[in-house]
Amino acid sequence: MSDSQAQAASRAAAAIVESLPPRVAFAGGLWRTASPPLLPGEAEGVAGALEARRVEFAIGRAFARQALAALGVAPCPIPRARSRAPVWPEGLVGSISHCDGFCGAIAARGDLYAGVGLDVDSAAPLARASRPLVCADGELDDAQSRNGLARDSAAKLIFSIKESVYKAYAQATGDFLDFLDVAVELDSPSTFLARIIAPHRRSPPGGPDLAGVFGLVPGFVFSAIGISSSSRDQEHEPKSTSMDKASRGDRPHQDAYPA
Ligand SMILES: CC(C)(COP(=O)(O)OP(=O)(O)OC[C@H]1O[C@@H](n2cnc3c(N)ncnc32)[C@H](O)[C@@H]1OP(=O)(O)O)[C@@H](O)C(=O)NCCC(=O)NCCS
């Protein structure tokens, strides 16, 4: 691990902490020591996997336990479901993401969030051939004109956003989205709106409009979202979700991440 990799991971972790929805705990960065141990029931999730994948899985679990610890949760196993999603302790939700040079996890209380999603990816542009599978031309046009992003970078950002939405939505509804089931709009330099546009998909508790955060930092693109567990937002304040609360600075705890 080079110093510059470590610095890039550290900057990405700081940017994620800074932008997270309220009451969402984060732990992540570069894992600096030997591969962490798995707890009972977790090894089955990577049975037969290559060593690199076992290490990645174990680091994700270790950061997830750190994020849970920030919520006062004692270390506990986080096995893998048949869907490949992590199984969080009763009453909690969370999300894990890893890419080359970075791993992170978020966690939150289930009475606040029906699901949360985190995605961190390398900033390398999305392959041109993949663009139409991931986003509509209108989404790219919008991202380019509002945020001044190159088309390839805009596509990568939308990809990341849809991955975090996928994770949070699956947790909140038990249903699984395809890329084109979701339309993304970047409504500020650091926040997005994602609308579930496929009529056959279940609506999350707060309705089909979901709000989240994103960032582009040297080497990485990230996105995070919390789907409120309450339907109140939808009934009384259609657009007031985690994004608005985050931008109000309603963030009672800032979560430490490994230095
Ligand atoms: C599951 C998926 C989103 C993971 O994203 P990724 O960019 O490949 O990889 P990440 O490192 O960010 O995330 C991997 C982690 O996602 C989590 N994950 C896997 N399946 C999941 C699911 N169904 N729900 C929630 N989280 C899931 C796991 O924690 C996994 O890490 P682990 O196996 O070490 O625990 C992706 O592989 C996938 O299958 N996407 C479906 C395609 C799609 O249509 N996406 C967007 C639609 S809107």
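**Exercise 1. Determine which residue of β6 stands opposite Glu185, and describe the strands around this pair.**

Solution. Step 1: Glu185 stands opposite Leu193 in β6. Strands here are DSSP runs of E of at least two residues, and helices are runs of H or I of at least four, both numbered from the N terminus. The model is predicted: local features need pLDDT of at least 70, side-chain atom pairs count only at pLDDT 80 or more, and totals for chains, interfaces and linings use all residues. Residues are numbered from 1 along each chain as its sequence is written.

Step 2: β5 and β6 pair in the antiparallel sense over five bridges, where pairing requires that DSSP finds at least two bridges between two strands. Four residues lie between β5 and β6 in their hairpin.

Step 3: The side chains of β5 (residues 182-186) alternate. Val182, Val184 and Leu186 point to one face and are buried, while Ala183 and Glu185 point to the other and are not. A residue is buried if 20 or more other C-beta atoms, placed from the backbone, lie within 10 Å of its own, exposed if 12 or fewer, and partly exposed in between.

**Exercise 2. Follow the strand pairing from β6 to β8.**

Solution. Step 1: β6 (residues 191-196) pairs with β7 (residues 209-217) in the antiparallel sense, over five bridges. Within β7, Asp209 stands opposite Arg195.

Step 2: β7 is joined to β8 (residues 220-228) by six bridges, and these two strands run antiparallel. Val217 stands opposite Phe220 in β8.

Step 3: The hairpin of β7 and β8 has two residues between the strands, and Gly219 there takes a positive phi near 90 degrees.

**Exercise 3. Describe the shell around the ligand.**

Solution. Step 1: The ligand is surrounded by 23 residues, the closest being Arg84, Ala85, Ile96, Ser97 and Tyr166. The elements that give two or more residues to this shell are α2 (51-70), β2 (92-99) and α5 (151-173). A residue counts as near the ligand if its C-beta atom, placed from the backbone, lies within 6 Å of it.

Step 2: With seven residues, α5 gives the most to the shell.

Step 3: By residue type, the shell holds ten nonpolar, five polar and eight charged residues.

**Exercise 4. State how many helices and strands the protein has, and what share of its residues is buried.**

Solution. Step 1: The protein has seven helices and eight strands.

Step 2: Of its 259 residues, 43% count as buried.

Note on methods
Nonpolar A, V, L, I, M, F, W, Y, C, P; charged D, E, K, R; others polar.
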